[in-house]
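Me: I am new to this structure. Please take a close look at its aromatic rings, starting with one helix, and walk me through what sits where.

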Amino acid sequence: PVLIRGESGTGKELIARLIHQRSPWGAGPLVKVNCPAIPGTLLESELFGYEKGAFTGAYGSKPGRVELAQGGALFLDEIGDLDLGLQAKLLQLLQDGQFSRLGGQEDTKVELRVICATNRPLETEVENGTFRQDLFYRINVVNLVLPPLRDRLVDIPQLVDYFLDYHNEKYNAKARPLSAQALRMMQNYTWPGNIREMENLIKRYVILGTEETITSELVVRNQTQFNPFIPADGNLSLKKVTRDAVRE
């Protein structure tokens with residue numbers, strides 16, 4: 001098992017996909033489960049499947065995502081949101097390679113790799129009793145911590161080039177490389193939304209085609225981050241402020 005940790009937007013899913021592609025399981029499927037996106041009452045049947053008659057409306061049998069990941073990898077995104085009852089079934093899967101469908105009488109054996117990701121401090125969750133200690137030890141075999149973008153500002157020029165090329169091709173656009181001043185402004189910003197926030201800003205630049213869409217937005221975000229009296233909608237003289245900021 002692999003546990004990938006980091007703030008939202010640091011690229012945990014991308015790393016999970018790279019790990020899977022370069023592993024002996026790479027020829028098999030990578031099946032993703034976004035734990036907080038599926039209500040707890042439905043997550044068990046989504047994960048482990050169900051047999052006919054297991055609950056009202058179960059008119060037939062259905063395999064879960066664990067079965068669909070046979071021979072590949074199961075990616076549990078934000079595993080810290082997993083309900084305690086499901087944590088026990090996941091622990092059985094990791095220990096024995098077996099599980100039972102909802103309403104099933106027999107265990108099913110599978111061979112797969114489990115990759116988990118979280119933005120929560122699971123040690124604290126264990127202390128609070130919201131995450132099983134035995135499950136934590138099971139998933140915490142290979143532990144990867146992704147640093148936030150504010151701690152790797154030196155990577156910004158390369159990331160900008162990558163996202164520019166990617167979105168230029170995607171939108172059939174010809175946005176030019178950013179100026180040194182714009183890159184400097186990006187490296188002076190703290191990026192609370194991490195790489196996802198930066199990619200969205202580059203995407204906006206590619207679509208609208210003017211560098212001011214980045215520089216003016218960064219000025220507003222910096223001002224609102226440190227000055228609560230500036231409105232979040234950015235209704236101030238952006239052109240003048242941006243020119244002054246770039247000049248500085």
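Reply: Start with helix α7, which spans residues 156–170. Y162 and Y166 both lie in this helix. They are four residues apart, about one turn of the helix. This is a predicted model, and every value here is computed from it.

Now look at the two rings. Y162 and Y166 form a stacked aromatic pair. Their centres are 6.3 Å apart, with 20° between the planes. The pair counts as stacked because the planes are under 30 degrees apart. F163 joins in: Y162, F163 and Y166 form one aromatic cluster. Is Y166 buried or exposed? Neither label fits: Y166 has 40% relative accessibility, so it counts as partly exposed.

Next, compare another pair. Y189 and W191 meet edge-to-face, with 80° between the planes. Their centres lie 4.7 Å apart. Both Y189 and W191 are buried. In total, the structure holds five aromatic pairs.

A ring can also have a charge over it. The charged end of K89 sits over the ring of F48, 4.6 Å from its centre. F48 belongs to helix α2, residues 40–48, and is one of its buried residues. The others are L43, S45 and L47.

What do the buried residues of α2 pack against? Their partners include three strands: β2 (30–34), β3 (73–77) and β4 (98–99). They also pack against helices α3 (65–68) and α4 (84–96). Just after α2 comes G49, with a positive phi of about 80°.

Notes:
Residues numbered from 1 in each chain as written. Predicted model: local features only at pLDDT ≥ 70, side-chain atom pairs only at ≥ 80, totals over all residues. Heavy atoms only, no water. Phe/Tyr/Trp six-rings, centres within 6.5 Å; stacked < 30°, edge-to-face > 60°. Helix = DSSP H or I, 4+ residues; strand = E, 2+ residues; numbered from the N terminus. Buried < 20%, exposed > 50% of the residue type's maximum accessible area, 1.4 Å probe, protein only. Lys NZ or Arg CZ within 6 Å of the ring centre and 35° of its normal. Contact = heavy atoms within 4.5 Å.
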